[in-house]
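Trainee: I should like to go through the reasoning behind several labels given to residues and ring pairs. May we look at the structure together?

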Amino acid sequence: MLQPFEEFKPVYLPRLMQLGRRYLVSQTYCRVKDMEADPLSSRINLLFSDYAEPGEARLHLNAVKKDRYAAIIDLRNPAHLKKIREMLLPDSGYRIFFAVVKSAGELENQINKNYKDKLKQYVDKQTNWRISRDTIVKPTVQLSFGELYIILKHGNQQIRIKFEEIETL
């Protein structure tokens with residue numbers, strides 16, 4: 001299972017404030033099951049996404065509202081900030097990831113390399129695109145509400161697929 005996101009670090013908190021991105025939306029994060037053995041494997045894995053505007057954060061929250069860990073965190077609220085700092089301690093019951101990747105280009109290359117056959121299989125089964133064997137379908141990666149999507153283009157057509165669908169083929 002591909003785990004593309006960075007671990008959230010305490011140093012991000014003041015930087016997010018400086019950038020005016022004071023709202024975080026939390027949600028359960030499931031892409032860590034196959035990561036290295038974690039001595040605290042019973043920890044709850046969460047994903048944080050950052051927003052500058054409360055309306056954007058509310059949209060995201062509405063998209064994940066059935067998640068028991070879905071919440072809007074306001075970094076200007078002292079109680080919220082204190083709780084986040086506690087959650088980031090090494091012995092806390094949480095492991096927090098940040099919905100950012102080091103390099104979108106590297107991630108796209110990794111997906112091209114490791115999921116090329118599955119992408120082609122998806123296109124063959126789920127679209128009416130007629131693509132020759134020597135044609136390369138290059139994905140573009142998109143993040144939306146903490147979910148990774150693949151954008152595939154062929155001619156003037158485009159499809160948007162949850163990465164999870166490709167991964168589980």
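Mentor: The turns below take a few labels one by one and set each value against its cut-off. Please keep in mind that this is a predicted model.

Trainee: Why is Arg43 called buried?

Mentor: Arg43 has a relative accessibility of 18%, and buried means under 20%, so Arg43 counts as buried. Arg43 is placed in the loop between strand 2 (23-28) and strand 3 (44-51).

Trainee: What makes the approach of the Arg43 side chain to Tyr94 a polar contact?

Mentor: A polar atom of the Arg43 side chain lies 3.4 Å from the backbone oxygen of Tyr94. The cut-off is 3.5 Å, and the distance of 3.4 Å is within it.

Trainee: Why is Asn128 called exposed?

Mentor: The relative accessible area of Asn128 is 55%, and exposed means over 50%; therefore Asn128 is exposed. Asn128 belongs to the loop between helix 4 (104-126) and strand 6 (140-144).

Trainee: And why is Phe145 called partly exposed?

Mentor: Its relative accessible area is 34%. Partly exposed covers the values between the 20% and 50% limits, so Phe145 with 34% is partly exposed. Phe145 lies in the loop between strand 6 and strand 7 (147-154).

Trainee: What is noted about the phi of Phe145?

Mentor: Phe145 has a positive phi of about 50°, although it is not a glycine. Most residues other than glycine have a negative phi.

Trainee: How many aromatic pairs does a search of the whole structure find?

Mentor: The search finds 7 aromatic pairs.

Trainee: Why is the pair of Phe8 and Phe48 called edge-to-face?

Mentor: The ring centres are 5.3 Å apart and the planes stand at 75°. Pairing requires centres within 6.5 Å, and edge-to-face requires planes over 60 degrees apart; the pair is therefore edge-to-face. This pair links distant parts of the chain, 40 residues apart: Phe8 is in the loop between strand 1 (6-7) and helix 1 (12-18), and Phe48 is in strand 3. Both Phe8 and Phe48 are buried. Ring pairs also link Phe8, Tyr12, Phe48 and Phe98 into a cluster.

Trainee: What makes Tyr115 and Phe163 an edge-to-face pair?

Mentor: Their centres are 5.0 Å apart and their planes differ by 80°. With the limits of 6.5 Å and 60 degrees, the pair is edge-to-face. It links Tyr115 in helix 4 with Phe163 in helix 5 (residues 163-167), 48 residues apart. Tyr115 and Phe163 are both buried.

Terms used
Residues are numbered from 1 along each chain as its sequence is written. This is a predicted model: local features need pLDDT of at least 70, side-chain atom pairs count only at pLDDT 80 or more; totals for chains, interfaces and linings use all residues. Side-chain values use heavy atoms; hydrogens and water are left out. Helices (H or I, at least four residues) and strands (E, at least two) are DSSP runs, numbered from the N terminus. Buried means under 20% relative accessible area, exposed over 50%, partly exposed in between (1.4 Å probe, protein chains only). A polar contact is a pair of N or O atoms within 3.5 Å; within protein, one must be able to donate a hydrogen and the other to accept it, and residues adjacent in sequence count only if both atoms are side-chain atoms. Rings of Phe, Tyr and Trp (its six-membered ring) pair if their centres lie within 6.5 Å; planes under 30 degrees apart count as stacked, over 60 as edge-to-face and the rest as tilted.
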